[in-house]
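Q: I am new to this structure and should like to learn how its features are read. Could we begin with a single residue and then proceed to a sheet?

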Amino acid sequence: MRAGRAALLGALGLAALVAVEALVRWPGFTQGGFASHDVGGILYNAMLLHAGELPYVASIEVKAPGSFYLAALLAGPEGRDIAAFQVWANLWALGSLLGVGAIGWRLWGPRAGVVAAAVYGLGDAFLDSMDANYVTWAQLPQVLAVLAAAWATTGAGRRRALVGWALAGALAGLAALAKQPAGIVLVVVAAWAALAERGRGGRRVDLGALATVVAGFVGAHLPIAAHYLAHGHLGELVRGYALNPWGLRYLGRRAAIGALAGAREGALATAYFVGLPLYLAFWTGLPRAERRPGSPLPWLWLWFGLTLAAAALGLRFYKGYFVTVAPALALLAAAPGGLLGARVGAGGRRRPWLRAPALALGLVLALRSIWLVGQVREDRARAHDRGGRILAEHIARGLAPGDRIWVWGWHLWDIYAFTGALAGSRLYKSLGFLTPPNDDTWRTPASRLTMVKDSPFRALLIDDLRASRPRYIALGSTVPREDFPELRSLLRAGYVRDRGVRVGRVEVWRRRDP
């Protein structure tokens, strides 16, 4: 009777949290525009798929392909409906919230599930900006991978365990397909699988469970790999997704700041972005009695450590990178021995005089988190793509079926989706190719854009534009257009400046037809 009542209250608690989260995310469901222009790149590659072409072949791409296929399925009939895609993204985020709650429930019962979901829900909308960016799509499969691992370790029977480990590996593969660094969860579930038998009193590494996780991870990649193989382009997928040299250039962009400065920036960013769950996880700690493979705490701490390391890649510490850090901390905060747990540990029973001030500080941090979410909610309700819509509306009026365009500048990537026109070059976006990777951080602006010296992509772009002769070319206000004489020559020879639309310092050029 008591267990049934606890389960009912837990289910009602999770339902209430989902309802509150949906209300918080209402601007994400209804605003219907681009919050981040990165999503323009996702939709562009979805447009390629609908056109029968392939990312990494028809586009020079550095991101993982999973979000492209999701957009092709979810972003309207042509893969370019940003309003539909944002609705699905926020539903996806609600799924992540439920997933965190389900892990807590599976490990420690309904109370822990509600607490974990509540702590996570106090920050997730702030971290993902209620947006359809890569981190949002990677989050749900990563959370579900850990849920599958928890399911595999808390039930009876070898067959059930292997099914759980296969699911965990497959979901880790889907997380990597959405965003490569999110695949780090594979290490967590693989290590957990290998050592789970020791947690039950065994003495061996479970190679069978480990192999099952790896097989699931590989299996998750097979449908997309088969698609590329059927078109004779498996090598392009491997090079673009798994062996992309752009990643090394990105990682080295800020290496000059040094290890000490990087560690300081990382500590400050971590405290700023996940201060509440980190504080609550501190009270849980890792008691000596829990330092064994059978306890979930070591695996949750490992999950936190690895996702934090992934967030540090590139030393920019963007807010969105910390989305993947939050679930492990929220679960640690909900552990029975923590400050909010059913079995009070370091925060209460052993030091009762600390409990009241510890909870008071936690309340202050919770109020801060609510304020941060409110700021993002207000910002998300405003349109961030008006300029792109104005330009796209003007350009679309001059396009005939099959016409191509080309835009230069991050803020203009939306135009591809708004017009439905594909790019006149495989180099549909230039960061890291014509210009260096971004060097802005979580609290410092980017340097002025400059051209990459001796970049082979300059000649590739010009050759593509000469061959495709796009109807329109748009140059953003921050790109170093005066430092690209080959492009200027091409424009002077075959294009005329279109002054029928004005958005800031953006230049629009229309092809001069004979």
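**Reading one residue, then a sheet**

A: Glutamine 180 is partly exposed in this predicted model, because its relative accessible area of 30% falls between the limits of 20% for buried and 50% for exposed.

Q: Where is glutamine 180 found?

A: A residue can be placed by the elements on either side. Glutamine 180 lies in the loop between helix H9 (158-178) and helix H10 (185-199).

Q: Which residues does glutamine 180 touch, beyond those up to four places away in sequence?

A: Contact here means heavy atoms within 4.5 Å. By that criterion, glutamine 180 touches Val62, Lys63, Ala64 and Tyr241. With tyrosine 241 there is also a polar contact: the side chain of glutamine 180 reaches its backbone oxygen at 3.2 Å.

Q: In what order do the four strands of the open sheet stand?

A: The order across a sheet is read from which strands pair. Here the order is S1-S2-S4-S3, and the pairing is mixed. Strand S1 (405-408) and strand S3 (495-497) are at the edges; each has a single partner strand, so one side of each lacks a neighbour in the sheet. From one strand to the next, the twist averages 20 degrees.

Q: In which sense do strand S2 and strand S4 pair?

A: The sense of pairing compares the directions of two strands. Strand S2 (residues 472-475) and strand S4 (residues 507-511) pair in the antiparallel sense, over four bridges. Within this pair, alanine 474 of S2 is opposite valine 508 in S4.

Methods
Residues numbered from 1 in each chain as written. Predicted model: local features only at pLDDT ≥ 70, side-chain atom pairs only at ≥ 80, totals over all residues. Heavy atoms only, no water. Pairing = 2+ DSSP bridges. Axes fitted to C-alpha atoms, helices over the stretch in contact; angles between N-to-C directions. Buried < 20%, exposed > 50% of the residue type's maximum accessible area, 1.4 Å probe, protein only. Polar contact = N/O pair within 3.5 Å; in protein donor to acceptor, adjacent residues only side chain to side chain.
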